[in-house]
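Here is a colleague's note to read alongside the structure. Keep the viewer open and look up each residue as it comes up.

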Amino acid sequence: ALVALGWELVSTGGTARALRDAALPVADISEITRFPEMLDGRVKTLHPVVHGGLLARRELPEHMAAIADHDIAPIDLVVVNLYPFRETVAKPGVTFDEAIEQIDIGGPSMLRSAAKNHASVAVVVDPADYAPLLETLRGGDEAGQATFRRALAAKVYAHTAAYDAAIAAWFAEQAGDRFPQRLAFAGERRQTLRYGENPDQRAAFYVETPGAGLGALVQRGGKELSFNNLLDIEGALLAAEPFAEAG
């Protein structure tokens, strides 16, 4: 869809190969940076050609002149799926070195650069935003596009914060540190609730680990849950827990 809209694609390693296999024209990042990917892929997008193209403010002539002087083209869209760190460390038997190699560096750097310059750059971390992005690119007015880019940027910082929180928690666990000096929680919204502790309050249910605890339960019927309903369910589960092994 992007190619059909006239966009030029630039990608790295495996993703570039996948695009070529789909018969799509794509330039390798090394063609753009004029520097080879190195250190087993650890260094490929950490380059002024990439971040200059992302961070240059389009409305400032001096910025645009600077990147032109260095033969840097603006980059107007970034789509990144980060290395699967959380999924990797959740697998049994994963070694320390294997986990370390799944800490993404270039991906978060590009995401943060693009999100900072969201006035000109769209940045996507959630596949659910692919279709809305295309719809906006095809026919959105400038005000609507700007609002959409800002919403995408907000999702980026929440996404990278959760990613770093998972890495920090894993390091603390490896060190056996149950009470680290700083503890970061990253919650994912499971659902909005009918109301909070009282009917005049709004509420939502967030889980730290999707698919675990209360977040793993499936509502089979009845009206939308409230905050108090969840407290009652939790109380019932805690009351029944001592009898689990006897069952």
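The numbered points below walk through a predicted model, from its core to its salt bridges.

1. **The main core.** A good place to start is the largest nonpolar core, which has 21 residues. Leu-54, Val-78, Phe-85, Leu-111 and Val-123 have the most contacts inside this core. Helix H3 (48-55), helix H7 (106-116) and helix H9 (142-174) are the elements that give two or more residues to it. The largest share, 5 residues, comes from H9. Try colouring those three helices before you read on.

2. **A second core.** There is also a separate core, made of 6 residues. Among its members are Leu-77, Ala-122, Leu-133 and Phe-148.

3. **Leu-111 and its surroundings.** Which residues does Leu-111 contact, leaving aside its neighbours within four places in sequence? The list is Val-78, Val-80, Leu-82, Val-123, Val-124, Val-125, Val-156 and Thr-160. Leu-111 is also one of the buried residues of H7.

4. **Helix H7 as a whole.** H7 is mostly covered, with 8 of its 11 residues buried. Besides Leu-111, the buried residues are Gly-106, Gly-107, Pro-108, Met-110, Ser-113, Ala-114 and Ala-115. The cover over them includes H3, strand S3 (77-79), strand S4 (122-124) and H9.

5. **His-51, on helix H3.** His-51 sits in helix H3. Is His-51 buried or exposed? Its relative accessible area is 15%, and the cut-off for buried is under 20%, so His-51 counts as buried. Not counting residues up to four places away in sequence, His-51 touches Thr-45, Leu-46, Ser-109, Met-110 and Ser-113. Two of these names, Met-110 and Ser-113, should be familiar from the buried residues of H7.

6. **Gln-145, on helix H9.** Gln-145 is found in helix H9. This residue counts as buried because its relative accessibility is 17%. Beyond its neighbours within four places in sequence, Gln-145 is in contact with Thr-136 and Gly-140.

7. **A pair of strands.** Strand S5 (residues 188-192) and S6 run antiparallel, joined by 4 bridges. For instance, Glu-188 has Val-207 as its bridge partner in S6. Look at the two faces of S6: Phe-205 and Val-207 make up the covered face, while Ala-204 and Tyr-206 make up the uncovered one.

8. **Glu-224, in a loop.** Where is Glu-224? It lies in the loop between strand S6 (204-207) and helix H10 (227-240). Glu-224 counts as partly exposed, at 37% relative accessibility. Glu-224 and Gln-191 are 33 residues apart in sequence, and their C-alpha atoms are 9.7 Å apart in space. Outside the stretch up to four places away in sequence, Glu-224 touches Thr-192, Leu-193, Arg-194, Gln-219 and Asn-229.

9. **A nonpolar patch on the surface.** Phe-35, Met-38 and Leu-39 form a nonpolar patch on the surface, and together they have about 280 Å² of accessible area. Met-38 belongs to the loop between helix H2 (29-33) and H3. With a relative accessible area of 33%, Met-38 is partly exposed.

10. **Salt bridges towards the start of the numbering.** Side chains of opposite charge can pair when their charged atoms come close. How many salt bridges are counted here? The count comes to 7. In one of them, Asp-28 pairs with Arg-20, the closest N and O atoms being 2.7 Å apart. Arg-20 is partly exposed, at 36% relative accessible area. Another joins the side chains of Asp-71 and Arg-34, at 4.0 Å from N to O. Asp-71 lies in the loop between helix H4 (61-69) and S3, and Arg-34 in the loop between H2 and H3, so this pair ties together parts that are 37 residues apart in sequence. Asp-71 is exposed, with a relative accessible area of 57%, and Arg-34 is exposed as well, at 53%.

11. **A small network.** The side chains of Asp-129 and Lys-155 meet in a salt bridge, 2.8 Å from N to O. This pair links distant parts of the chain, 26 residues apart: Asp-129 is in the loop between S4 and helix H8 (130-139), and Lys-155 is in helix H9. Asp-129 counts as buried at 11% relative accessibility, whereas Lys-155 is partly exposed at 32%. Through shared partners, salt bridges join Asp-126, Asp-129 and Lys-155 into one network.

Definitions and conventions. Residues numbered from 1 in each chain as written. Predicted model: local features only at pLDDT ≥ 70, side-chain atom pairs only at ≥ 80, totals over all residues. Heavy atoms only, no water. Core = buried A, V, L, I, M, F, W, Y, C linked by side-chain atoms within 4.5 Å. Buried < 20%, exposed > 50% of the residue type's maximum accessible area, 1.4 Å probe, protein only. Contact = heavy atoms within 4.5 Å. Pairing = 2+ DSSP bridges. Patch = residues over 30% accessible without salt bridge, like charges linked within 9 Å, V, L, I, M, F, W, Y side chains within 5 Å. Areas by Shrake-Rupley, 256 points an atom, 1.4 Å probe, with all protein chains shown as cover.
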